[in-house]
Amino acid sequence: MKKALLISGGRQVSKQLIEKYGDRFILVADGGARILKKYDLVADLLLGDLDSIGDETLSYVKDKDIKIKKFPAKKDLTDTALCIDYLLEEGYKDLVILGALGTRLDHELANLYNLKMLYKLGVSAKIVDDYNEVTYAEEGEYEFERSDKKYFSLINAGEKMSFTTVGLYYEVQDLEINAMNPSRAVSNEILGDKAKVIINYGSAFIIQSKD
């Protein structure tokens with residue numbers, strides 16, 4: 001399976017987190033290239049309209065012989081979405097996305113729903129930073145390992161969803177989340193080494209996070 005790391009231009013992450021996925025094809029979305037310069041790292045390709053990269057970072061990219069694929073500033077998609085489309089066209093089926101969270105709430109929400117789109121296309125994908133790991137899931141059974149991210153939450157991603165938990169501090173059976181109780185499944189915790197979530201119907205963003 002072809003695996004890729006996409007570094008977007010949102011909140012920057014640690015060098016250690018980038019290096020954790022360093023064995024993948026590395027694609028950078030426009031302003032995400034700033035973190036390459038910061039940590040003296042390289043990528044396989046830089047893609048975007050280059051409107052938020054800055055002259056110094058662009059010079060760094062060129063000095064490191066990182067390939068550039070430029071798009072017009074007037075476009076229908078964000079730089080992150082353009083990168084995702086490129087990776088899909090190239091046949092990547094496992095994506096880790098860094099820098100997809102940050103101060104731009106509109107971009108952040110769009111990036112979360114990119115996870116839904118990727119799920120529908122049969123692509124394994126997650127958004128990760130030093131504080132959060134986000135996946136999208138629909139009906140089925142999912143297993144999670146305990147990590148440094150203490151809190152475990154489910155956010156309803158549709159009209160309503162129902163789920164059951166095994167191995168979490170707050171155990172629930174067929175609990176429905178809808179517009180009237182949207183925070184009902186926030187801030188649970190994995191008790192042992194592993195936990196299980198069964199989504200009975202509907203869809204959810206599953207978020208593991210730490211303060």
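Colleague: Before we start, what counts as a helix or a strand here?
Modeller: This is a predicted model, and its elements are DSSP runs, numbered from the N terminus. A strand is a run of E with at least two residues. A helix is a run of H or I with at least four residues.

Colleague: Thanks! How many helices and strands does the protein have?
Modeller: Counting those runs gives the secondary structure of the whole protein. The tally is five helices and twelve strands.

Colleague: What radius of gyration does the protein have, and what would a compact globule have?
Modeller: For 211 residues, a compact globule would come out near 17 Å. The protein agrees with that, its own radius of gyration being 18 Å.

Colleague: Let's turn to helix α3. Which of its residues are buried, and why do they line one face?
Modeller: Helix α3 covers residues 55-63. Looking down its axis, the buried residues fall within an arc of 155 degrees, so they line one face of the helix. An α-helix has 3.6 residues a turn, so residues three or four places apart point the same way. The buried ones are Thr57, Leu58, Tyr60 and Val61.

Colleague: Which residues are exposed on the other side of α3?
Modeller: Exposed here means over 50% relative accessible area. On the side away from the buried residues, that applies to Asp55, Glu56, Lys62 and Asp63.

Colleague: And what covers the buried residues of α3?
Modeller: The cover includes both helix and strand elements. Among them are α2 (33-39), β3 (45-48) and β4 (67-70).

Definitions and conventions: Residues are numbered from 1 along each chain as its sequence is written. This is a predicted model: local features need pLDDT of at least 70, side-chain atom pairs count only at pLDDT 80 or more; totals for chains, interfaces and linings use all residues. Side-chain values use heavy atoms; hydrogens and water are left out. The radius of gyration is taken over C-alpha atoms; the globule rule is 2.2 Å times the number of residues to the power 0.38. Buried means under 20% relative accessible area, exposed over 50%, partly exposed in between (1.4 Å probe, protein chains only). The arc is that of the directions from the helix axis to the C-beta atoms. Contact means heavy atoms within 4.5 Å.
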